[in-house]
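Colleague: I have a few quick questions about this one, if you have a moment. Could we start with the core and then move on to the sheet?

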Amino acid sequence: GWVDSSLPSLQQSGGNGGIMVASSATAALWFDPGQNGTYVAEFYGGSEYNFQTDGTSGDFLMTDPQGDTIRFYGFETTIPQAQRGQFKSFTDPNGNAITVTSHNTNGQIGEVQRSATSGGVTTTESFLYTYVGGGNNTGLVQNVTLRRKVGSGNWSTIRQAVFTYYDVNQANGNQGDLETEQIEDASNNVLDTSYFRYYQPGEANGFTDGLKYYVSPESYARLAAAVGNPLTASDSQVAP
């Protein structure tokens, strides 16, 4: 249920060919089809954007008043289901781009790259995605690695984010709920841990999969110092 605000996506909306652009868990724009591949904003919030289809590729293009353009994959049946409507690239008015450069066989993003040139030297950053390969949480994001190279040099890992999820019959969460996010350095040393707990079926004051506790990295360190293992602490121990 989490949304990556750096990777907005499209969803088909209703039966009239409408499109919804989801940019965060609480922000979305709706567009209705117009004429000749153009779309019209349903509400005022989207009226400042130019939203249309690319007749050649089938992609969708959304351009803001500053000239920034986000390109999304279309919904053609010739591309994998997981890839349809997903982020493809972002380009600013100066031509600087953030681009998805690969997908896995399921159509999920494999790599995103961005680059900038200064003094004739180009620095490229890459975000590599891997996914849970088996079990009940197959397909969820497992790792995102930020790496960087200068010119034609070798890649160097800068940071990585490692995600774990609750499985069936676990306390404090339900299958597929995000349990921890750990930020690691290039040598896999854990720098920060964020921890999440959720309401389970039948619990009072919440709903199944609803977020109960978010423990920030600073709070996680304090909790670990107080109770030892935060993952097995009681709610009454976590709450303070």
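Modeller: Yes, and please keep in mind that this is a predicted model. The largest nonpolar core has 33 residues, and those touching the most other members are Val 21, Phe 51 and Met 62.

Colleague: Which residues is Met 62 in contact with, leaving aside its neighbours within four places in sequence?

Modeller: With those neighbours set aside, the contacts of Met 62 include two other residues named for the core, Val 21 and Phe 51, and among the rest are Leu 29, Phe 31, Tyr 49, Ile 70 and Phe 72, together with Asn 50, Asp 68 and Thr 69.

Colleague: And how many bridges join strand 6 to strand 7?

Modeller: Four bridges join strand 6, residues 60-63, to strand 7, residues 69-72, and the two run antiparallel; within that pairing, Leu 61 has Arg 71 of strand 7 as its bridge partner.

Colleague: What order do the strands of the open sheet take?

Modeller: The sheet is made of 12 strands in the order 5-6-7-8-9-10-11-12-13-14-15-16, with antiparallel pairing. Its edges are strand 5 (50-53) and strand 16 (211-215), each of which pairs on one side only, and the twist from one strand to the next averages 15 degrees.

Colleague: Where does helix 1 lie?

Modeller: Helix 1, residues 217-227, lies across strand 15 (190-198) and strand 16, and runs at about 85 degrees to strand 15.

Colleague: Changing topic, is Tyr 166 buried or exposed?

Modeller: Tyr 166 counts as buried because its relative accessibility is 0%, and this residue is found in the loop between strand 13 (156-165) and strand 14 (178-184).

Methods. Residues are numbered from 1 along each chain as its sequence is written. This is a predicted model: local features need pLDDT of at least 70, side-chain atom pairs count only at pLDDT 80 or more; totals for chains, interfaces and linings use all residues. Side-chain values use heavy atoms; hydrogens and water are left out. Buried means under 20% relative accessible area, exposed over 50%, partly exposed in between (1.4 Å probe, protein chains only). Two strands pair if DSSP finds at least two bridges between them. Axes are lines fitted to C-alpha atoms, for helices over the stretch in contact, and angles run from 0 to 180 degrees between N-to-C directions. Contact means heavy atoms within 4.5 Å. A nonpolar core is a set of buried Ala, Val, Leu, Ile, Met, Phe, Trp, Tyr and Cys residues joined through side-chain atoms within 4.5 Å.
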